[in-house]
Amino acid sequence: MLPVTYVTRRLLRQSKKGASKPALATLNAILTFDCDESPFGVYNELVASRLGQMVSAPVATGVLTVSGDGQTFAGIEAGSRELVLPDVLDLRLGDIALKYPSEAAALVAFDLWIGNDDRHGNLKASLHTQHIRVFAGFDHAISLLGHEDCAEKLASRLEMLKSGKLLVKFHPFYGHVEPHELSKWVSRITGISDELVREACVFGKPFRSVSLAMQSELAEALVGRKRLLPGIVAAHAQLIVG
């Protein structure tokens, strides 16, 4: 699978030192902030990015940065300076899945694991360029811990992750994924070591409004959910594969 490319906004200056001729540049990024609608957004984005990198899922990367309100997540814009990518239209989803069968299956498997039911509209893909291949999912602010800052609802969310409930009732690529590709990505996720999952979720201290206990509970929920993932897919194969 080809790596995701990102938009270089501006090349500032290039150093004459160093064999690789390093250059200072700026990139486009979309900042995620914690807010009433997404109280755990920065944490969710950061953990989802870490987990995606572990399995080489085609999700846009990002970095932790600081704004006036403290730590924020900067999702780097996928694409190319030579290519303007419009929003993906529903009627082109089948064509995208045909051109990017492995990437589409990877995104379905990844979203099923982290409980991300907000993929619609959060996808970039290039259909009509032969020399530039772009496919990337982004925006995971309401996955994982969800988006409700209420102890009872948060506990319910974690319990649903642990129990192996589907969580993702709708997905842009449901009905478009190839079974063998999906199976490959499910196996990859189940094969991640428990310790790596815990390292992605647990920071060793509270992070914004996410306590250390919440981080540990999420880690254990995801460890259990990756083991249940093959059963989740099998139980809902008619919906997911079609």
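This report looks at the overall fold of a predicted model and then at one residue, Glu-103.

## Overall build

Let's start with the big picture. The chain contains 8 helices and 7 strands. Its radius of gyration is 18 Å, close to the 18 Å that the globule rule gives for 242 residues, so the chain is as compact as a globular protein of that length. Measured out along the principal axes, the C-alpha trace covers about 55 × 40 × 35 Å.

Contacts across the sequence fill in the picture. Taking the contacts with a separation of 6 or more, 73% join residues that are 24 or more positions apart.

## Surface and charge

How much of the chain is buried? Of its 242 residues, 46% count as buried. On the outside, the chain exposes about 12300 Å², and 55% of that area is supplied by carbon and sulfur atoms.

The charged side chains come to 26 positive and 26 negative. The centres of these two sets lie 9 Å apart.

## A look at Glu-103

Now for a single residue worth finding on your screen. Glu-103 sits in helix 3, which runs over residues 101-114. Is Glu-103 buried or exposed? Its relative accessibility is 8%, and buried means under 20%, so Glu-103 counts as buried.

Which residues does Glu-103 touch, leaving aside those up to four places away in sequence? They are Met-1, Pro-58, Arg-133 and Phe-135.

Notes
Residues numbered from 1 in each chain as written. Predicted model: local features only at pLDDT ≥ 70, side-chain atom pairs only at ≥ 80, totals over all residues. Heavy atoms only, no water. Helix = DSSP H or I, 4+ residues; strand = E, 2+ residues; numbered from the N terminus. Rg over C-alpha atoms; globule rule 2.2 N^0.38 Å. Buried < 20%, exposed > 50% of the residue type's maximum accessible area, 1.4 Å probe, protein only. Contact = heavy atoms within 4.5 Å. Areas by Shrake-Rupley, 256 points an atom, 1.4 Å probe, with all protein chains shown as cover. Lys, Arg positive; Asp, Glu negative; His and termini not counted. Charge placed at Lys NZ, Arg CZ, Asp CG, Glu CD.
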